[in-house]
Amino acid sequence: MEKPSVTQRKRLKIRARRLTRRVLPFVASLFMATPLAAPVARTTAAGMETKMPSAKAMQAAFFDQRMHDLYRDLQVEQQGLRYDVFEKAVTGYFNLKNDGKLSDKQLLTVIDFNLPSTEKRLWVLDLASKQVVFNTLVAHGHNSGENMATNFSNENESNMSSLGFYVTQSEYVGKHGRSLKLEGVDQGYNDNAQMRSVVMHGADYVSEDFIRQNGRLGRSLGCPALPMDQYAQIIDTVGNGTCLFLNGNDTTYSSKYLNPDVAQDVAMNTLLSTQS
């Protein structure tokens, strides 16, 4: 196999340094609590040597433990955010960081459409301070369902919500007032979001009063619509390059950003670089 040239090696080092700068703040705060241990072999009482888990298996176990620690510290279980949804969202966050798609803001927005519209099913998480910034109501698309969202689409004029990972863009003022553009990054699932004008905006049908009168929230044309008394603050907080994950009950959904190996490698490589 041909060895890389001096120029290629320099480029690889520069790319590694850039990657470290992108993900270091969150990863350091998340993973510095426990040192990594090297795999060792043990000898049983009968004198037989048993193999310990591989370095890759230990890395996966370490990453999983830190995910559970973060989930516990955020105290989102009490608010209804299930661990499996949280884990997928954080995994995608790391993958998007690895691809250079996110800003330096360490924010993650999670929407779980497996929950009914009458529950607060949107969370904005500050991963650096391990705090929940917002936990509020959010509407789904008109044709996705009544109180529960069960149908999803990427098609124009479907009036359905689209699952997957998004990266927030800039805001603008449209027919719904201040609105936040969303870039869908899951091909085939939400990459038509901008063509469909799927954005974050406020709506008067997203409120506790509407629930009391109708037994559910009102519905949008596919946008994750927010309460009028919070939408402006949420747009100010999550705009311009943060991760949004929209979860729902669709067994056909898949995403390249749910690659656990990438998430684990980014986290571990960054941790090791801080210890060298």
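A salt bridge is taken here as a side-chain nitrogen of Lys or Arg within 4 Å of a carboxyl oxygen of Asp or Glu. In this predicted model, E146 and R216 satisfy that criterion, with their closest N and O atoms 3.0 Å apart. E146 sits in the loop between β5 (131–136) and β6 (164–174), while R216 belongs to the loop between α4 (208–214) and β9 (225–226), so the contact ties together parts that are 70 residues apart in sequence. The two partners can be told apart by their surroundings: E146 is partly exposed at 48% relative accessibility, whereas R216, at 19%, counts as buried, because the buried class covers values under 20%.

A second pair of interest is R178 with D236, whose side chains meet in a salt bridge at 2.5 Å, N to O. This pair, too, links distant parts of the chain: R178 lies in strand β7 (residues 177–184) and D236 in helix α5 (residues 231–238), 58 residues apart. R178 is partly exposed, with 24% relative accessibility, and D236 is also partly exposed, with a relative accessible area of 48%.

The pairing of D69 with R66 offers a local counterpart, the closest N and O atoms being 2.1 Å apart. Both residues belong to helix α2 (residues 55–74), and because they are three residues apart, about one helical turn separates them. D69 is buried at 13% relative accessibility, and R66 is buried as well, at 6%. Salt bridges with shared partners place R66 and D69 in one network together with R72, D73 and K130. Across the structure, 12 salt bridges are found.

Notes
Residues are numbered from 1 along each chain as its sequence is written. This is a predicted model: local features need pLDDT of at least 70, side-chain atom pairs count only at pLDDT 80 or more; totals for chains, interfaces and linings use all residues. Side-chain values use heavy atoms; hydrogens and water are left out. Helices (H or I, at least four residues) and strands (E, at least two) are DSSP runs, numbered from the N terminus. Buried means under 20% relative accessible area, exposed over 50%, partly exposed in between (1.4 Å probe, protein chains only).
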